[in-house]
Amino acid sequence: MKGKTVAIIAVIFVFYVLLGAVCFHFIESENETKEIEKAKADQAMVMANLTKVFTPEQVRQLVGAMQFILSTGTDVMGNLSTPTKWDINSAFFFSGTVVTTIGFGNNAPKTQTGRNFCIAYALIGIPLCGFLLTGVGEKLGFLAKKLECAFYDRITCGYPVLLRLTYIAILLVIGAIIFITIPSLIFMKVEDWKISESWYFCFITLTTIGFGDYVIGTNPDRGYSPVYQWVCYLWIIVGMSFLALIISLLSDLMTDYASRLREEQKQRLKQLKDLTGKQLTRLGSSEKRGGHKNTADLEDGEGERVEEDAEETPLGATEKVNGNEKNGRDHINIPGEPENNVAAADV
């Protein structure tokens, strides 16, 4: 990719990020202001009630305890028998989110040893996950190729780019049904989410954004099957591979289209050069033929004028008198000059 192209893409990217910042600011800032005002009001009410019963030092200790409880992810008013975040199933799901770079953020190592191990684990696991996604994507691509062949056999179109876009759109619809719609219905049932929340979680997860505001298997009031998170992780791997396949198809389409435009441009330039060369050749030939013709015409014209002069002048009518030419006209001798009188010509 040329440096100029990279610079243009960088400018577009920065502009797109700024556009997103402006949109999120206007969409979310009003709600944030309301939440802050409500939080301040609740804080004033709680502190007013607590100071009636406890001393200020006891209030600070109580608030600190509540903050610690909330930081562990425990529901203060809910079920205290919440499963730990580091049981084998939860640890497996956490490890999967590390190597897939999703990083929900609802769970993280608290010890320095765990953080150091997470760094080393990710350095090896992320490339390994990339190889896995590539392999699964190739298998999905093989199936997609069969579908593409069947699609092209049944449908003919004079616009190959439009036809390929239609094929990719069909793949997107199929993938949306398999990897988003069906899982959303399952999550809505198991996690007790709304359908919009389930759709949101599926998209944020498969695109590896992973905000962590919605995470499966974390509701303390729900009972989960031991294999639930394992199956969900399998869905993540296959879904991410399918998304990578779609991105690859779109990238190939754009690359082919750009190559085709460059090839057409080269053909046009070649045709223009050939046409210009032919025109120059024809112009040169015309000038040569025109030069010969003009020379011949000039010679013919001179010959005709000579013949006309010869016909207009009587033979022998030209005489020299005192060194002057007399062409068939009457002349009179000037007195005093020793010249013979010349009789006037008969008219």
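A residue is called buried under 20% relative accessible area, exposed over 50%, and partly exposed in between. The exercises below apply this to a predicted model.

**Exercise 1.** Is Thr 208 buried, partly exposed or exposed, and where does Thr 208 lie?

Solution. Step one: the relative accessibility of Thr 208 is 25%. Step two: this value falls in between the cut-offs of 20% and 50%, so Thr 208 counts as partly exposed. Step three: Thr 208 is in the loop between H6 and helix H7 (228–312). Its phi is positive, about 60 degrees, although Thr 208 is not a glycine. Most residues other than glycine have a negative phi.

**Exercise 2.** Classify Asp 192 as buried or exposed, and place it in the chain.

Solution. Step one: Asp 192 has 56% relative accessibility, so it counts as exposed. Step two: Asp 192 sits in the loop between helix H5 (160–190) and helix H6 (195–206). Step three: just after H5, Asp 192 takes a positive phi of about 60 degrees, although Asp 192 is not a glycine.

**Exercise 3.** What span should the 31 residues of H5 have at 1.5 Å a residue, and where does H5 bend?

Solution. Step one: the expected span uses one less than the number of residues, so for the 31 residues of H5 it is 45 Å. Step two: the end C-alpha atoms of H5 are 44 Å apart, which agrees. Step three: H5 bends by about 35 degrees at Ile 177.

**Exercise 4.** Which residues of H5 are buried?

Solution. Buried residues of H5 include Leu 163, Tyr 167, Leu 171, Gly 175, Phe 179, Pro 183 and Phe 187. In an α-helix, residues three or four places apart point the same way, because there are 3.6 residues a turn.

Methods: Residues are numbered from 1 along each chain as its sequence is written. This is a predicted model: local features need pLDDT of at least 70, side-chain atom pairs count only at pLDDT 80 or more; totals for chains, interfaces and linings use all residues. Side-chain values use heavy atoms; hydrogens and water are left out. Helices (H or I, at least four residues) and strands (E, at least two) are DSSP runs, numbered from the N terminus. Buried means under 20% relative accessible area, exposed over 50%, partly exposed in between (1.4 Å probe, protein chains only). The bend at a residue is the angle between axes fitted to the seven residues ending there and the seven starting there.
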